[in-house]
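Student: Please take me through the salt bridges of the structure shown here.

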Amino acid sequence: MAHMDVVFPDETELPLRVEGGRIYCPGVGDNTACLVCLLLAGKYIAGYVDSPRWREIRGENAPGLLLVCNAGEEGLGNLKGVHKICEDYGDRMERFCTFDSSLSSIVDRAVGSKRFRVRVRTRGGHSYNNFGNDNAIACLASLVGELYGIRVPEGGKTTYNVGMISGGTSVNTIAQEAEMLYEFRSDRRENLEYMERQFMKVIDRGKSEGMDVSLEIIGVRPCEGPVDPKRKQALSDWAHRVVEEMTGQAPKHCAGSTDCNIPLSLGIPSVCVGSFRGAGAHTREEYVETDSLEEGYKVAFGMIFGSRD
């Protein structure tokens, strides 16, 4: 699998330039380079799938192979693409690999998350004539302050963030409405549950003090479920060998939030492998190093066609 969407909402072509051994473009690495590797594999398969050579490449007893270009991985897409694939094929999937991110790392542990839109409403009014009325921005700010006072649990890694705030009408208007986007993440299911309890305590306290607060869940990414440890380790070790052989460098293993979250939550061994070297992911300055792209498609081919035993 490789996701097609990028984080940028542009409806026009994204700016592209090639210079100094690099390709610069928003989204060129995450996830265009990885998507191209998957498409190259598809082109290769199309030329051999009906020939005896295909059986030699895959082996007589190899499981079926599904190549997927999906959407909904970035932002508020809520992993809808991989959700659908797992809905349709999950009970038949032996293993799962997504191509995403750089060659330097392998993601084999899932970071779960939950995202909310929090909206505060007040009576508002004129900033001078109605001074003293509750201000939705001030109320929201007090909630933000309390949320940033939450101590994260020990064990694993747990984070939280207020990523966007908006509201108000003008400089001389007591804000009637304000909202924020808030998330928490963790690589441990029990820590996600703890953070949700702490979050709800803050919201409930605000309501008990008379705030008009409403919530909307805008994203849920699950943590890892009951995956067979031997099968998971075998896939992770295979990915490590492939990357090291094709690049000459041992990749680091880490936790992350990727399309792997869904199959891992269902107990399916899964791994996320990158296909380029570069920097600036999720920024306008993103680039990939041109020389790394050949290594990237070799890694992708190795993961798709090589032995996993």
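**Salt bridges and their surroundings**

Tutor: E216 and R117 form a salt bridge, with their closest N and O atoms 3.0 Å apart; the term denotes a side-chain nitrogen of Lys or Arg within 4 Å of a carboxyl oxygen of Asp or Glu. This pair links distant parts of the chain, 99 residues apart: E216 lies in strand β12 (residues 212–221) and R117 in strand β7. Strands are DSSP runs (E, at least two residues), and helices are such runs of H or I with at least four, numbered from the N terminus. The model is predicted: local features need pLDDT of at least 70 and side-chain atom pairs 80 or more, while totals for chains, interfaces and linings use all residues. Residues are numbered from 1 along each chain as its sequence is written, and side-chain values use heavy atoms, without hydrogens and water.

Student: Is R117 buried or exposed?

Tutor: Buried means under 20% relative accessible area, exposed over 50%, and partly exposed in between (1.4 Å probe, protein chains only). The partner E216 is partly exposed at 38%. R117 has a relative accessibility of 19%, so this residue counts as buried.

Student: Which residue meets R119 in a salt bridge of 2.7 Å?

Tutor: R119 is found in strand β7 (residues 112–121). Its partner is in strand β11 (residues 177–186), 60 residues apart from R119. At 17% relative accessibility, that partner counts as buried. The residue is E179.

Student: How many salt bridges does a search of the whole structure find?

Tutor: One of them joins R185 and E183, at 2.8 Å between the closest N and O atoms. Salt bridges that share partners also join R117, R119, R121, E177, E179 and E216 into one network. The search finds 18.
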